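Please open the model in your viewer and keep the selection tool at hand. The stops below each give something to select and then say what is found there.

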Amino acid sequence: MTAPQRTAPVSVILGALGSIRSAILPAIAIAFSGVGGEGRYWLAIGVGAAAALIGTAFSWLGWRRLTYTIGESDVRVESGVISRTARAVPYERIQDVSLEATPLARMLGLVAVKFETGAGGGDDLALQYLTAAEGERLRQLVRERREDEVASADLADPQAPPRAEDAEVLYALTPRRLLTFGMFEFSLAVFAVLGGALQYVDNVTGIELWDVDLWRSWLSESGETVASLGFIGQVIGTVAGVIGLIAIGFATGIARTMLRDWGFTLTRSPRGFRRQRGLLTRTDVVMPVHRVQGLVIGTGLLRYRFGWHGLSFVSLAQDAEDESHVVAPFAQMEELAPIVAAAGFALPDEGTHWQRSSKRHRNDRAVLGSALFVLATIAAAIFAPMGVFLIPLGLAVVAVGAQLYAWQFRRFALSDTQIFATTGLLSPTSRIATRLKLHSVEIAQGPLARLRGYATVHLGLAGGSFAVPGVPLADARALRASILRTIAATDYARIDAPLEEPALTP
């Protein structure tokens, strides 16, 4: 067991900078609130300085009072300034060890080390911050002890560098591909941010944004200006406004994609998959192969028409609060095949025997999906002017047609080793799970499903969800029986054995 250690001393600087940043908004609010009269500016400076000083002091005390120990069987962390907290996480509970570096941390050569236990949220263990070299060494050491593969020399010398591994690049986002990806990530989220910022405008300016008379006068002036342009000018202005809105949406999507996925690289080594991405905040996540529980292949409304898909691994650990780890966010199916194979899975082929959901389930969804429009049609026919009922009637027809068409994409298949399921109308999503790693199977029926003879099959998949809706009851029972036979024959003592294929008992 190594002696208790502290995080990097320079991490105190990050805590101090965070305190200063938190003190800026209160100081600005005081400066423009009018509290304190002419001396409010000095009051604002004093409040900001005091908050920054107190925050820096607590950051230093927190650093002094936090220690971590890499033991033979667990990772232990003790922390707390006023009250002490001690946590120990056994290696067998650690699913992944990831590194994350914010822009300031990267400038100082620091990373945050997160030990993901599969519980998610505050139950995961994190160390903020270590040097980049120490973070990588710690991750390697924990993984080796987790897998019982560490050499005696490494155990005797905890400062030994991690062993070199040959890594194969399976997927990488080039700047050109990233730009194309960003264009498909069209977003108007910037307007939501501006809307939130407008709530604070009246605190720093003399403008009362919630004054109805003010908005009425602005709209009146704008209307007069637009009317003076004439018909052609109005058309040009409208077109320019639409083009500007589209340009903002594309720019926002590209910016968000660049920040999140710049330098996206997925490599495969004997120890597993390693994903690195991020322009400002850089993340480095390692996923052992035997921890991949399933696959999710998704797409988008427009991306699907151009053949672009995204691949995620389902594991016990979380990826930014999501149940799946994105490993190829923007790729063609032929580019996903090598990654899928490296994870020990196989894509469906021409020989895959697909089964669609029950036609009764399809018809019930069509009826329920159009019921509201049908009621609106009846009400419009009785109370509304002649012809208005055609609008909800047309929507009811569209709803029925959409459900009938979507039925073509609701299907599942069972092979000797895997189960496949596809759902979605305009942007289908496919899920693949290996039968060896399913730990339960449940048949669920609501009142209507019991009456109509179909069910939803829920498969117990560690770290994610897998459901097959609308399966005819006889097929659902046959599916459950087949999967239960696999579960009963599986030697679960070997399922999580690293670098080995799961095996069935004789």
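Begin by selecting Ser-11, which in this predicted model is found in helix 1, the helix of residues 11-33. Its relative accessibility is 8%, and because buried means under 20%, Ser-11 counts as buried. If you then display its surroundings, leaving aside the neighbours within four places in sequence, you will find Ser-11 in contact with Trp-63, Leu-110, Gln-128 and Tyr-129.

Two of those partners, Gln-128 and Tyr-129, make a natural next selection. The peptide bond that runs from Gln-128 to Tyr-129 is cis, with omega near 0°, and Tyr-129 itself lies in strand 6, which covers residues 125-131.

From there, move to Leu-43, whose place is in helix 2, residues 40-64. Is Leu-43 buried, exposed or partly exposed? Its relative accessibility is 39%, so Leu-43 counts as partly exposed. For a distance to check in the viewer, take Leu-43 together with Ala-27: the two are 16 residues apart in sequence, and their C-alpha atoms are 8.1 Å apart in space.

Next select helix 4, residues 132-146, and within helix 4 pick out Gly-135. With 0% relative accessibility, Gly-135 counts as buried. Once neighbours within four places in sequence are set aside, Gly-135 is in contact with Leu-99, Val-111, Val-113 and Leu-130. A second pair to label is Gly-135 and Glu-100, which stand 35 residues apart in sequence while their C-alpha atoms are 9.7 Å apart in space.

Keep helix 4 selected, for it also takes part in the lining of the largest cavity. How many cavities of 30 Å³ or more are there? The count comes to three, and the largest cavity has a volume of about 100 Å³. To find that cavity, select Ile-94, Gln-95, Arg-143, Arg-146 and Pro-288, which lie nearest its centre among the twelve residues that line it. Strand 4 (96-101) and helix 4 each supply at least two residues of this lining, and helix 4 gives the most, with three residues. If you colour the lining of the largest cavity by class, five residues come out as nonpolar, two as polar and five as charged.

For the next stop, select helix 12 (residues 359-383) and helix 13 (residues 390-406), whose axes come within 8 Å and cross at roughly 175°. Since angles over 145 degrees count as roughly antiparallel, helix 12 is therefore roughly antiparallel to helix 13. On the side of helix 12, the residues that make the contact include Arg-362, Arg-365, Gly-369, Phe-373 and Thr-377, while helix 13 contributes residues including Pro-392, Leu-395, Ala-399, Gln-403 and Leu-404. By class, the residues of the contact between helix 12 and helix 13 divide into twelve nonpolar, five polar and two charged.

Finally, clear the selection and show the whole chain in a secondary-structure representation, where the protein chain has 15 helices and 20 strands. Colouring by relative accessibility gives another view, since buried residues make up 38% of the 506 residues in the protein chain. A contact map would add a further one: among contacts between residues at least 6 apart in sequence, 57% join residues at least 24 apart.

Key: Residues are numbered from 1 along each chain as its sequence is written. This is a predicted model: local features need pLDDT of at least 70, side-chain atom pairs count only at pLDDT 80 or more; totals for chains, interfaces and linings use all residues. Side-chain values use heavy atoms; hydrogens and water are left out. Axes are lines fitted to C-alpha atoms, for helices over the stretch in contact, and angles run from 0 to 180 degrees between N-to-C directions. Helices (H or I, at least four residues) and strands (E, at least two) are DSSP runs, numbered from the N terminus. Angles under 35 degrees count as roughly parallel, over 145 as roughly antiparallel, 65 to 115 as roughly perpendicular and the rest as oblique. Contact means heavy atoms within 4.5 Å. Ala, Val, Leu, Ile, Met, Phe, Trp, Tyr, Cys and Pro count as nonpolar, Asp, Glu, Lys and Arg as charged, and the others, Gly among them, as polar. Buried means under 20% relative accessible area, exposed over 50%, partly exposed in between (1.4 Å probe, protein chains only). On a 1 Å grid over the protein atoms alone, a cavity is a set of points where a 1.4 Å probe fits but cannot get out, and a pocket is an open set with protein on both sides within 12 Å along at least five of seven lines; lining residues have an atom within 4 Å of a point. Grid points are joined across faces, edges and corners, and a volume is the space filled by probe spheres set on the points.
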